[in-house]
Amino acid sequence: MGEVAFSYAGHNVVLEIQATIPSTPEKPSKKAMWKGVIVAYLGVAFCYLPVAFIGYYVYGNSVEDNILITLERPTWLIAAANMFVIVHVVGGYQVFSMPVFDMMETFLVKQLKFPPCFTLRFVARTLFVALTMLIGICIPFFGSLLGFLGGFAFAPTSYFLPCIIWLRLYKPKRFSLSWTINWICIVLGVLLMTLAPIGSLRNIILSAEHYKFFS
């Protein structure tokens, strides 16, 4: 569940994307953004949930963090899936990393007095991508780490903190539909934040003796 929470954590780029959408009083950007978010999350659910349910039904707890490693045939399907993963990562990584790039380049320009130019962006972003790739490759418990971060860090900011803020701002009528839905999300988010890190940390501890870097 922690890894699912990590997969759905898109809140950090929502404002970044909405800022690029034209907005007028007649056609505010929030309407187009709301439609886009609904379509995006339905698309993610359509892609992820069948794989999660069918994979667990077929392989149970023996499934690897990357289900493509567990599969053995058909070869053409595994190759096609890996190709689409590459396409997804190449495009999605750029979008999800934009807030980090902005903060990093702002620090370099304002604090370290580097001149803002293409060379600075190219070098800084390349080094950041290389560093994250090295960390991702060398850590053998990457799946459990994603589950830990998904539950501990992304569950609060994606699931129940926005609901709490919305309830404080709009103050809907108690036991109304919106009030009930938000409180359900809050309860589920708190449970996810509590249980997912515990389960992921347990997996890391139990398998620590078998871990080898770059494995």
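Q: A salt bridge is a side-chain nitrogen of Lys or Arg within 4 Å of a carboxyl oxygen of Asp or Glu. How many salt bridges does a search of the whole structure find?
A: The search of this predicted model finds one salt bridge. Its partners are the side chains of E105 and R125.

Q: How do you know that the side chains of E105 and R125 meet in a salt bridge?
A: The N to O distance between these side chains is 2.6 Å, and the definition asks for a nitrogen of Lys or Arg within 4 Å of a carboxyl oxygen of Asp or Glu. The E105 and R125 pair therefore qualifies.

Q: What does the pair of E105 and R125 tie together?
A: E105 lies in helix α5 and R125 in helix α6, so the pair ties together parts that are 20 residues apart in sequence. Helices here are DSSP runs of H or I with at least four residues, strands are runs of E with at least two, and both are numbered from the N terminus.

Q: Which residues does E105 touch, not counting residues up to four places away in sequence?
A: E105 touches R121 and R125 under that restriction, where contact means heavy atoms within 4.5 Å.

Q: Why does E105 count as buried?
A: The relative accessible area of E105 is 11%. Buried means under 20%, exposed over 50% and partly exposed in between (1.4 Å probe, protein chains only), and E105 at 11% therefore counts as buried.

Q: Why does R125 count as partly exposed?
A: The relative accessibility of R125 is 23%. That value falls between the two cut-offs, so R125 counts as partly exposed.

Q: How is the model to be read?
A: Residues are numbered from 1 along each chain as its sequence is written, and side-chain values use heavy atoms, with hydrogens and water left out. As this is a predicted model, local features need pLDDT of at least 70 and side-chain atom pairs count only at pLDDT 80 or more, while totals for chains, interfaces and linings use all residues.

Q: Where is confidence lowest in the protein chain, and where is it highest?
A: Confidence is given by pLDDT, the predictor's value for each residue from 0 to 100. The lowest mean is 64, in helix α1 (residues 2-7), and the highest is 87, in helix α6 (residues 118-138). The protein chain averages 81, and 92% of its residues score at least 70.

Q: How many helices and how many strands does the protein chain have?
A: The protein chain has eight helices and zero strands. Its pattern along the sequence is accordingly written α-α-α-α-α-α-α-α. The C-alpha atoms fill a box of roughly 55 × 55 × 35 Å along the principal axes.

Q: What makes the end-to-end distance of helix α5 agree with its number of residues?
A: The expected span is 1.5 Å times one less than the number of residues. For the 36 residues of α5 (residues 75-110) this gives 52 Å, and the end C-alpha atoms are 51 Å apart, so the two values agree.

Q: Where in α5 does a kink lie?
A: A kink of about 45 degrees lies at M98, shortly before the proline P99. The angle is taken between axes fitted to the seven residues ending at a residue and the seven starting there. P99 is also among the buried residues of α5, together with others including I78, F101 and L108.

Q: How do you know that the span of α8 agrees with expectation?
A: The 30 residues of α8 should span 44 Å, and the end C-alpha atoms are 43 Å apart, which agrees. Among the buried residues of α8 are W179, I186 and L192.

Q: Why is K113 called exposed?
A: The relative accessible area of K113 is 66%, which is over the limit for exposed, so the name applies. K113 lies in the loop between α5 and α6. Its phi is near 65 degrees, a positive value in a residue other than glycine.

Q: Why does F175 count as exposed?
A: F175 has 64% relative accessibility, again over the limit, and therefore counts as exposed. F175 is placed in the loop between α7 (142-170) and α8 (177-206). Although F175 is not a glycine, its phi is positive, at about 70 degrees.

Q: What makes G43 partly exposed?
A: G43, found in helix α3, has a relative accessible area of 30%, which lies between the cut-offs, so G43 is partly exposed. G43 and F152 are 109 residues apart in sequence, and their C-alpha atoms are 25 Å apart in space.
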